[in-house]
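Here's a quick tour to go with the model on your screen. Have a look at it first, then work through the notes below.

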Amino acid sequence: MENHLRELEKKSIAIIREAKAQFKNLAVLWSTGKDSTAALWLCKKAFFGKIPFPVIHIDTSYKFPEMYAFRDNIAKEWGFNLIIAKNERALKEGLSPEKGRLKCCTELKTEALKNLIKERKFDALILAIRRDEHGIRAKERYYSPRDENFRWNYKDQPAELWDLYVKPSEDYSHMRVHPILHWTELDVWRYVKEEGLPVNPLYFAKDGKRYRSLGCMPCTVPIPSTAKTIDEIIKEIETSKIPERAGRAQDKEKAYMMQKLRSLGYM
Amino acid sequence: MIILALDALDLNQVKKFNCKNLMQKEYGQTDLSNFNQERTIVLWASFLTGKNMEKEIPLKTQWEFQVPIEQTFLKFFKTHEVIDLPAFSYKQKNHAEERKLLKAYFEDKATVEEYDEVIWRNHRENKKDFLNAVGKFDVVIGYFNLADAIGHLSFGITEKMAEVYRELDEVAGEVKDLDSFVLVISDHGMKAVGRYGDHSRNGFYSLNKGLGLDFPKITSFYDLIRRIVENEYA
């Protein structure tokens, strides 16, 4: 493995092990996308092949069929404890993106996770976010405390000097742990190639298009691409000037802003 | 008297971009604590009338709302020219086009660049009208929504906001040496939501005379203007 990837992996594994040692009830979130699959692989490596905590998949029921198939195959092959969380109440009420994307996202993702945390009393969650994904994620720390409403005060975060990750003694509901925060999109793809990780077929180009970031079907669009292999994806990203999440039609900020401008009467 | 009504001009941003013309002899933050929401039309109507107009202006029809001149401080002047001020002489066509593009942006039917182009075009039109009117009336109010309109979609992009504040500072520079009372006032401030901008309570005011106002309410300028017209501050 090239030295750079080895260093990234080493740090990530140390963070995962540290989290397992520090928290009583840890879990890892898995969307089935490339980042969380890489993080899952790191969890597996950190504990010599067996992930010693549950893997949570938040099922909005609007994901691509390929994502569900991928999820079930990997879960079977890697043999971990998979928890599938759904907001059944909202789904029964017929919630969909047409009824407001922000509301849909909040109910089907955030609320589903909130309920699960409450029910299973998780005190820490591993998430595969990266600093280079988005401006606000660049402000994240490896250990990121949240309150019961998932609020995060980025202006009040402890320094993480000398790779010391310390949980605050109080004032948080659960901790977000971000083991691949320091990775880039390119790092992930190079690591996927190096380790021979399984890849969701949606990432590969079909009819001149591919998905660069996976989300729910109604809110995710493919980007123009001819990349049909991991090498071609790496080559494409090396020269691309399009942001990674450009295909995610509505990010949360945009949806929030739209709702806010509506409330002010602009639209 | 000259009033620069600058939508969403934010005290912190004025300082950050070192807008020397906007920061006149006296400047600071306005007090918006008696408003539930920072609604543009409501705040400008309240500025004009000296009364909190929140309950009188329904959200649905707000852009058409107009305050009768008898209820505004304009009645204290013999002649006036008010360029594009919400709740008084709002250029409906221009702003309807802006809002249409804003909606189109959120529906992925228009780009930020297309939206920005229209905002800047309308700004240039207002600037021309404003500079033409200066010196010809007892009071001239020039309204510019550049900081608000560009800020809503690009507040987190420093280069863009620097350009906006540079431009607004330049407009203030055009009137700073005139022998006239100059008030620069915003309806509200702005805060970042990622790349976007949301209304905040961090409004701005500045005067080319030191009057020692301390965190003035936006509604308090009505009385201040009346007293200036009555020569109390001569």
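**Helix contact in chain B**

In chain B, helix H2 (residues 40–49) and helix H7 (residues 221–229) cross at roughly 35 degrees, and their axes come within 6 Å. Bear in mind that this is a predicted model. After this contact, the notes turn to the sheet of each chain, then to aromatic pairs and cavities.

- On the H2(B) side, the contact is made by Phe47(B), Leu48(B) and Thr49(B).
- H7(B) answers with Phe221(B), Tyr222(B) and Ile225(B).
- Sort the residues of this H2(B)–H7(B) contact by class and you get five nonpolar, one polar and no charged.

**The sheet of chain B**

- Chain B has an open sheet of six strands with mixed pairing, and the order reads E2-E8-E5-E1-E4-E3.
- Why is one side of E2 and of strand E3 (80–83) of chain B left without a neighbour in the sheet? These strands stand at the edges and each has a single partner strand, so there's nothing in the sheet on the other side.
- Ignoring direction, neighbouring strands here are turned by 10 degrees against each other on average.
- Inside the order, strand E5 (residues 182–185) of chain B runs antiparallel to E8(B), and three bridges join them.
- Across that pairing, Ile185(B) stands opposite Tyr205(B) of E8(B).
- Helix H6 (residues 158–175) of chain B lies across strand E1 (2–6), strand E4 (139–144) and E5 of chain B. Its direction is at about 175 degrees to E1(B).

**The sheet of chain A**

- Over in chain A, six strands form an open sheet, again with mixed pairing, in the order E3-E2-E1-E4-E6-E5.
- Its edge strands are strand E3 (82–85) and strand E5 (143–146) of chain A, each pairing on one side only.
- The average turn between neighbouring strands of this sheet, direction ignored, is 30 degrees.
- Helix H1 (residues 3–22) of chain A packs on the sheet, where it touches E1, E4, E5 and strand E6 (174–177) of chain A. The direction of H1(A) makes about 45 degrees with that of E5(A).
- Strand E1 (residues 26–29) and strand E4 (residues 124–126) of chain A pair in the parallel sense, over three bridges.
- Which residue of E4(A) is the bridge partner of Ala27(A)? That's Leu125(A).

**Aromatic pairs**

- Counting over all chains, there are 23 aromatic pairs.
- One of them is Tyr27(B) with Phe204(B), a stacked pair at 6.3 Å centre to centre, with 25 degrees between the planes.
- This pair links distant parts of the chain, 177 residues apart: Tyr27(B) sits in strand E2 (residues 26–29) of chain B, and Phe204(B) in strand E8 (residues 204–207) of chain B.

**Cavities**

- The structure holds three cavities of 30 Å³ or more, and the largest has a volume of about 130 Å³.
- Fifteen residues line the largest cavity. Nearest its centre lie Tyr266(A), Tyr90(B), Glu98(B), Asn145(B) and Asp148(B).
- Helix H3 (92–106), helix H4 (112–133) and helix H5 (146–154) of chain B are the elements that give two or more residues to the lining of the largest cavity.
- H3(B) supplies the largest share of that lining, with four residues.
- Which classes make up the lining of the largest cavity? Eight residues are nonpolar, three polar and four charged.

Terms used. Residues are numbered from 1 along each chain as its sequence is written. Chains are lettered from A and ligands numbered from 1 in the order in which they are written. This is a predicted model: local features need pLDDT of at least 70, side-chain atom pairs count only at pLDDT 80 or more; totals for chains, interfaces and linings use all residues. Side-chain values use heavy atoms; hydrogens and water are left out. Two strands pair if DSSP finds at least two bridges between them. Axes are lines fitted to C-alpha atoms, for helices over the stretch in contact, and angles run from 0 to 180 degrees between N-to-C directions. Contact means heavy atoms within 4.5 Å. On a 1 Å grid over the protein atoms alone, a cavity is a set of points where a 1.4 Å probe fits but cannot get out, and a pocket is an open set with protein on both sides within 12 Å along at least five of seven lines; lining residues have an atom within 4 Å of a point. Grid points are joined across faces, edges and corners, and a volume is the space filled by probe spheres set on the points. Ala, Val, Leu, Ile, Met, Phe, Trp, Tyr, Cys and Pro count as nonpolar, Asp, Glu, Lys and Arg as charged, and the others, Gly among them, as polar. Rings of Phe, Tyr and Trp (its six-membered ring) pair if their centres lie within 6.5 Å; planes under 30 degrees apart count as stacked, over 60 as edge-to-face and the rest as tilted.
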